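Q: Please take a close look at one loop in this model and at the residue that stands out in its backbone. I would then like that loop set against other parts of the complex, with the confidence of the prediction kept in view.

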Amino acid sequence: MIGDAAFRAGRFWAVSFVVAVLLLLLTRAAIQNEYFFFAAYVVLQYVVLATAWNILGGYTGYINFGIGAFFAVGAYCSVVLHKLASVPVPVMMLAAGIASGIIGLGMGYLTLRLRGVFFAIATLAMAIVAQTLIVNWDFVGGSRGIYIIRPQHAPFFGDYVEYLYSLMLLLSWIAIATARTIERSRLGLGFNAIRDDEAAAEAAGVPTLRLKLIATTLSGALMGMAGAPLPYYVTYLDPASSFSLSYAVNSVAMPVIGGMTSWIGPVIGAVLLGTIQQVATVTISSALNLLIVGLLLIGFVIVAPNGIIGLIQSRRRARGAR
Amino acid sequence: MRAPAALLSADGVSKHFGGFVALEGIDLDILPGERLGLIGPNGSGKSTLVNCLCGTLRHDSGMITFAGRKLDGLPAHQRTRLGLARSFQLPKPFRSLSLADNLRVPLLYAVNARPGARLSRAAVAARAAELLADVGLADKRHRLPRELTQVEMRKLELARAVASAPRLLFADEAMAGLSPSEVEEILAVLFRLNAGGITIVLIEHIMRAVMNFSTRLVVLVAGRKIADGAPEEAMRNPEVERAYLGE
Amino acid sequence: MEISLNLLVNAVVSGLLLGGFYAAVTVGVTISFGMLDIVNIAHPAFIMAGSFVAYALNSAWGLDPILVGVGAAPVFFVIGLLVYQIYFYAFERRGEESMQGLAFFFGLLFVGEVSLILVFGVDYRFVEAPYIGPSLHFGFVELPLRMLIPCAVALIMVAVLQLYLGRSFIGRAILAVSQDRLALQLMAANPARVKCIAFGLSIATAAVAGALLIIIQPVEPSIGRDYIGRIFAICVLGGMTSFPGMVAGAMLIGVAESITATFYGPSWAPAVAFGFLLLTLAIRPAGLLGR
């Protein structure tokens, strides 16, 4: 019995790992244009952020606006480690994951007993508190920011940007496989019940507080891990840009637009929106770019709340009914 | 003098919201196997009492014991695991889950969380189908709750409560707004469940159903228990008459 | 660090003045969130819009910002009606308010800020008025007029609203809706229309609050974000629906921020309100003066 479910989950992890590795080898061998890896890093980063956000927001129904509290903290965690010792980036990602996971746990413990609305507002508060703490912390540069030197090459991986891209691709694999495993498991059913009706879920035996804490911890940890390589990518890190609200809007918009009910939605949303933005930033101003994201978010929430997945599903259902 | 065989004992349970006293010193023993009717005018505290006993609300004072265990401070999901179940006044189905999946939630989280044999994946699915068949919803088990009629929703609500394999079930106004024949359907389900060994507390306004169903009647008025005994006796109590015929 | 009495008293005084202004900023949310249960986190965006409208008319025609704010209020009222209609048709009618509604308002907040950036750029803007600059002096206590006057206008606005809600027919309907939606529906009164008007009122207050803001300090579009936490902190602290509670909460936070800024530096100020909010939510969600 246990073996059956674990087998199926294990199979997805294995298959998706192979896909990820193939994708990695293919892109690195075939693509010479360096810019591709710069852009792809950002898109993959959003795949992780959107997937992580969706574990809490889509599956459990608790909206997190304070992505900065996890993502930027993850980045600054790396800064601290970078200044203290020379630590390989994967280790930084692990540390960032742990730190952000603890923040998620703590924040959840403080606010998850309240209505979802208060939780959302509290996440915003957490982000501002985190930002204020970092702005006033000179060791990591404070409001002036900090310069990080990006090495030219990484051991075994060659070009450093391709190395970061590879790490982010692997992290995307972890995030996606985790999300899918949750979806098909008892945990996912519990999350779903909480989202649909928390009081009924509690009455049905679901330990709602514990599950919500798991969601916030996991979601926070993944976001933190996504932020860990950021200092090496941008080479100049400051609170204003790392806590930028654009990360928050994108992390919300991508799952909403892609569809929140399945792991595929955030991936679709991230790839679609992320790619469009990467292309658009070159041609139009970044402010206009963000305006479009915001308008798309509003539009989808009103017209197509189940996102692209929802649209496809209802078209399929309509066709099936005919 | 407390009956030692009481399944659930409420001892001086009180609950207030700000200045408003919803429950005042409720003493109640629920005996195993009985069919207890809980009635009272609107706002008398019936649902509040159920919420306090089931853990949805925290009572302010008093003690609640279930099968010898103190329930005070235990969250609702743990009380469910101990064997308390309730259906909600306004049905609260899991809207995005099929009927079968609605039942899988308590099966996986209440039944499988108890020490002892855990149901396998196949056994869970079979049990869910069985429970739905018991209330006549077998053919709709892959549908979503929004496709159900009123009475079917009530049945789903009851089926979900029963899925957690309770010893005690609170049926909170499970028949409100139903036609007489639909009321009979629900009553039949409740009788069947009781015959199968589940103690049932029926909170209801439909007097005919309550009198028909209950072996004992408890009457709440303005947060206090004013009658507790055989149905005919309780109804003849002058205070109860006054509460229902108006003052 | 020596705590000079002079400095402390002035910090408290300017905190109180700031608090009065914060009441104007929050009253809209007390209505929309406290009373109507609509999580309008985009309220700061409307306030910023109010600030920039005041800036635009002040720099173009030299109009007094407070007059602009009051004049713009009816326009903002209509905008509020429109926004509520959208919110109602998209969410409230479907019964799935909370999560989708939140995402909607979040998008609105963001779109608002970015639109202002596109139109006005990221530079700080300020207004000119004869009372910006001079201060009153009582002994060593300094009362800058640019803070005193907004505080006074703010408190007047809150008082007027309180009277309106208590005395007028529509006002009392709004209070009724906030307390018992079900009862109102059963009585066949249409809660949606009442809520629509109330929401319009809440956005109208943003026009005035925005004008007051730009009198107190120069503004740029992203300042709105700092206000999200303040607004909800004060609303929760004040017990959600109570105006007097809200004013008390606003004063408390104003003073706390002012003292923090004076003795620890202004870069710590944003965390104060948010810290208060987290504490309040964790310990006593019912707020200072309770429900």
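A: In this predicted model, C:Met240 sits in the loop of chain C that runs between α9 (224-237) and α10 (243-264). The backbone of C:Met240 has a phi near 75°, which is a positive value in a residue other than glycine. C:Met240 has 22 C-beta neighbours inside 10 Å, and because 20 or more are required, C:Met240 counts as buried.

How far the surrounding chain can be read is a matter of confidence. Chain C averages a pLDDT of 86, and 91% of its residues score at least 70. Among the elements of chain C, the highest mean pLDDT, 94, belongs to helix α2 (residues 43-61), whereas the lowest, 59, belongs to helix α7 (residues 181-186). Over residues 287-291 of chain C the pLDDT is below 50, although this stretch has 23 contacts in the model beyond near neighbours in sequence. Where pLDDT is low, the predicted coordinates should not be read in detail. For the complex, the predictor gives an ipTM of 0.90 and a pTM of 0.89.

A positive phi is also found in chain B, at B:Glu173, where the value is near 45° in a residue other than glycine. B:Glu173 lies in the loop of chain B between β7 (168-172) and α6 (180-195). With 19 other C-beta atoms within 10 Å, B:Glu173 is partly exposed, because the count of 20 needed for a buried residue is not reached.

Chain B also touches chain A, with 26 residues of chain B in contact with 20 residues of chain A. On the chain B side, the elements that give two or more residues are α2 (76-82) and α3 (99-111) of chain B, and α3(B) gives the most, with seven residues. By class, that side of chain B divides into 12 nonpolar, six polar and eight charged residues.

Within chain A, helix α3 (residues 67-84) packs against helix α4 (residues 89-111) at an angle of about 135°, with the axes 9 Å apart. That angle makes α3(A) oblique to α4(A), and the crossing of the two helices is right-handed. The residues of α3(A) that meet α4(A) include A:Phe70, A:Val73 and A:Leu81, while those of α4(A) include A:Met92, A:Ala99 and A:Ile103. The contact of α3(A) with α4(A) has 10 nonpolar and four polar residues, and no charged ones.

Methods: Residues are numbered from 1 along each chain as its sequence is written. Chains are lettered from A and ligands numbered from 1 in the order in which they are written. This is a predicted model: local features need pLDDT of at least 70, side-chain atom pairs count only at pLDDT 80 or more; totals for chains, interfaces and linings use all residues. Two residues are in contact if their C-beta atoms, placed from the backbone, lie within 7 Å. Helices (H or I, at least four residues) and strands (E, at least two) are DSSP runs, numbered from the N terminus. Ala, Val, Leu, Ile, Met, Phe, Trp, Tyr, Cys and Pro count as nonpolar, Asp, Glu, Lys and Arg as charged, and the others, Gly among them, as polar. A residue is buried if 20 or more other C-beta atoms lie within 10 Å of its own, exposed if 12 or fewer, and partly exposed in between; C-beta atoms are placed from the backbone. Axes are lines fitted to C-alpha atoms, for helices over the stretch in contact, and angles run from 0 to 180 degrees between N-to-C directions. Angles under 35 degrees count as roughly parallel, over 145 as roughly antiparallel, 65 to 115 as roughly perpendicular and the rest as oblique. A crossing is left-handed if the near helix is turned anticlockwise from the far one by less than a right angle, and right-handed if clockwise. pLDDT is the predictor's confidence in each residue, from 0 to 100.
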